[in-house]
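Open your viewer and load the model. Keep the selection tool at hand.

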Amino acid sequence: MRTVFVAGLGVAGSSLLYLIRSVNLENTQVVACDPRFYPWSHIVCGELVPEVSYLRSKVPNLVYEYLARSHKVLMENTRVVRSFNSMTIIIGDLRLKINFKFYMIDKSLLIRKLIEKSEDFCELMLGYSAYRYEVHKNHVRVYLRSREGHSKVIDADVVAASDSFPSVFYSPEILYILSEHGYKYLICVSCVAEMNQYFEEPLIIIDPEICPGGYGWIFPKSASTANVGIGVLIDYVINIEKVFEKFLKKFNLKKLSRPLSKTLPVDGIILSRVSNIVYLGDAGGFVVPTNGAGINPAIASSLIALEAQLNTELFNYKVRKIFGEYFSKLVKIRRIIDKYLTDIELFKNLVREINRNRILIPFFKKVLSDLMLGHVVPIHRVVISCIDSLVTSLKFPRL
Ligand SMILES: Cc1cc2nc3c(=O)[nH]c(=O)nc-3n(C[C@H](O)[C@H](O)[C@H](O)COP(=O)(O)OP(=O)(O)OC[C@H]3O[C@@H](n4cnc5c(N)ncnc54)[C@H](O)[C@@H]3O)c2cc1C
């Protein structure tokens, strides 16, 4: 009997359980754990997803295929709270509108439904977290601890690490690679807030004076409430609590829930080097590097894992082929513009130059909306580099 151990029941782990149920893996025992008794009870998320059919012309075909299948799983297991036909991005004093269909979904309902549909065939260890693992010749030994201090050990043939970023199951080699490459991630804080000012559609705020080192968002849930938050690149050291309070004040938002924080990997795919472990969802870097969207990619990672029959080599091969190159291209573009999130002078030069040089506005709008939608256009690297060198040169006196 083969034991598959699923560590973490967020979107990735719960969708894996749900999908395993439909493929009837023979001679397989599935055990899953999550530190929370109700893994759907604490949601740190904007809960916004794009209408997948609109992405058909924007992402590579293979990526589209997996996102479309993930979207189906998503829509069959949640409800649409609201839908929007556009999004506004505020950059300094510029307001750019992106016409695109987005849905606000109920992520808590999604996770609950996926888990409830899987309860009959797997052993759920709710209230237990994995804190250590050992790799043996034919299995991985996982050490678990409960909230009450009980310990358990599971010998698993395969571990699906879906315990978010950074995973307990990162090997020393992975940790070394991540730190050597300066792998970027965001520290996010978010909550539900009451809006004292009516926002009709999702707003993204990019302005280092408001949200230094990152960006903020206001995603309206109803006429008076919204999911709000900020995400800050980790190499930019700030007091995030203070920044969040200032952000709420600036947009006249009143907290309705306790702000929760979470890290979000935005620097591409992370592949396991241990043959019996696969990284899913945030643990595997399945987050669109230019917009932080991870719900659909997390489900896609579970789909790929099952197609690979949870075989690490096959999973890694497929992930490289489907998401690897696509995400790498987005990371390269994003890295050029990261500095505008942290350097106030550069950012001001950018906004000033775009306002002054009106011809830049359509280019800038196109580039920005494509990045927000995860659309890789090869010419963008040239356009972004040109705008970047123009703006950077403004720091120096002109000849
Ligand atoms: C503030 C914020 C806003 C976001 N907004 C959006 C959005 O609007 N749209 C979108 O598409 N994406 C958004 N994302 C990204 C998206 O939420 C994630 O990419 C996605 O939820 C990843 O799913 P996951 O299952 O990998 O991780 P999670 O959903 O975080 O689940 C991880 C699970 O692992 C469990 N766990 C943790 N440690 C352990 C352990 N040691 N042992 C066992 N289990 C453990 C946790 O309790 C949790 O249940 C946002 C992220 C953040 C942080």
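The tour below goes from stop to stop through this predicted model.

**Stop 1: the parallel sheet**

Select strands 6, 2, 1, 10 and 17. These five strands form an open sheet, in the order 6-2-1-10-17, with parallel pairing. Look at the edges: strand 6 (122-126) and strand 17 each have a single partner strand, so one side of each is left without a neighbour in the sheet. From one strand to the next, the twist averages 15°.

**Stop 2: across the sheet along Ala7**

Now select strand 1, residues 2-7. On one flank, strand 1 pairs with strand 2 (residues 28-34) in the parallel sense, over six bridges. Click Ala7: its bridge partner in strand 2 is Cys33. Then turn to strand 10, which also pairs with strand 1 in the parallel sense, over four bridges. In strand 10, Ala7 has Ala161 as its bridge partner.

Stay on Ala161. What is its bridge partner in strand 17? It is Tyr279. Strand 10 and strand 17 (residues 277-279) run parallel and are joined by three bridges.

**Stop 3: both faces of strand 10**

Select residues 158-161, which make up strand 10. Are its faces covered or open? Both are covered. Val158 and Ala160 lie on one side, Val159 and Ala161 on the other, and all four are buried.

**Stop 4: the ligand shell**

Select the ligand and the 38 residues around it. Gly8, Gly10, Gly46, Gly281 and Gly294 come nearest. Colour the shell by class: 20 residues are nonpolar, twelve are polar and six are charged.

Which element gives the largest share of this shell? Helix 1 does, with three residues. Find helix 1 at 11-23. Other elements that supply at least two residues each include strand 7 (128-135), strand 11 (185-195) and helix 6 (295-307).

Next, colour by domain. Domain 1 covers 2-81 + 105-182 + 266-330, and domain 2 covers 85-102 + 184-264. Each of these domains gives the shell at least three residues.

**Stop 5: an antiparallel hairpin**

Select strand 4 (residues 80-91) and strand 5. They run antiparallel, joined by ten bridges. Click Phe84 and look for its bridge partner in strand 5, Phe102. Two residues sit between the strands of this hairpin. In the turn, Gly92 has a positive phi of about 60°.

Strand 5 (residues 94-105) is also joined to strand 3, by three bridges, and the two run antiparallel. Here Val49 stands opposite Tyr103 of strand 5.

**Stop 6: Glu47**

Go to the loop between strand 2 and strand 3, where Glu47 is found. Is Glu47 buried or exposed? It counts as buried, because it has 20 C-beta neighbours inside 10 Å. Now add Asp267, 220 residues away along the chain. The C-alpha atoms of Glu47 and Asp267 are separated by 21 Å.

**Stop 7: two sides of helix 5**

Finish with helix 5, residues 240-250. Ile240, Phe244 and Phe247 are buried here. Look down the axis of helix 5: the buried residues fall within an arc of 60°, so they line one face of the helix. An α-helix has 3.6 residues a turn, so residues three or four places apart point the same way. Rotate to the other side of helix 5, where Glu241, Lys242 and Lys249 are exposed.

Technical notes:
Residues are numbered from 1 along each chain as its sequence is written. This is a predicted model: local features need pLDDT of at least 70, side-chain atom pairs count only at pLDDT 80 or more; totals for chains, interfaces and linings use all residues. A residue is buried if 20 or more other C-beta atoms lie within 10 Å of its own, exposed if 12 or fewer, and partly exposed in between; C-beta atoms are placed from the backbone. Two strands pair if DSSP finds at least two bridges between them. Axes are lines fitted to C-alpha atoms, for helices over the stretch in contact, and angles run from 0 to 180 degrees between N-to-C directions. A residue is near a molecule or strand if its C-beta atom, placed from the backbone, lies within 6 Å of it. Ala, Val, Leu, Ile, Met, Phe, Trp, Tyr, Cys and Pro count as nonpolar, Asp, Glu, Lys and Arg as charged, and the others, Gly among them, as polar. Domain bounds come from an automatic or database domain assignment. The arc is that of the directions from the helix axis to the C-beta atoms.
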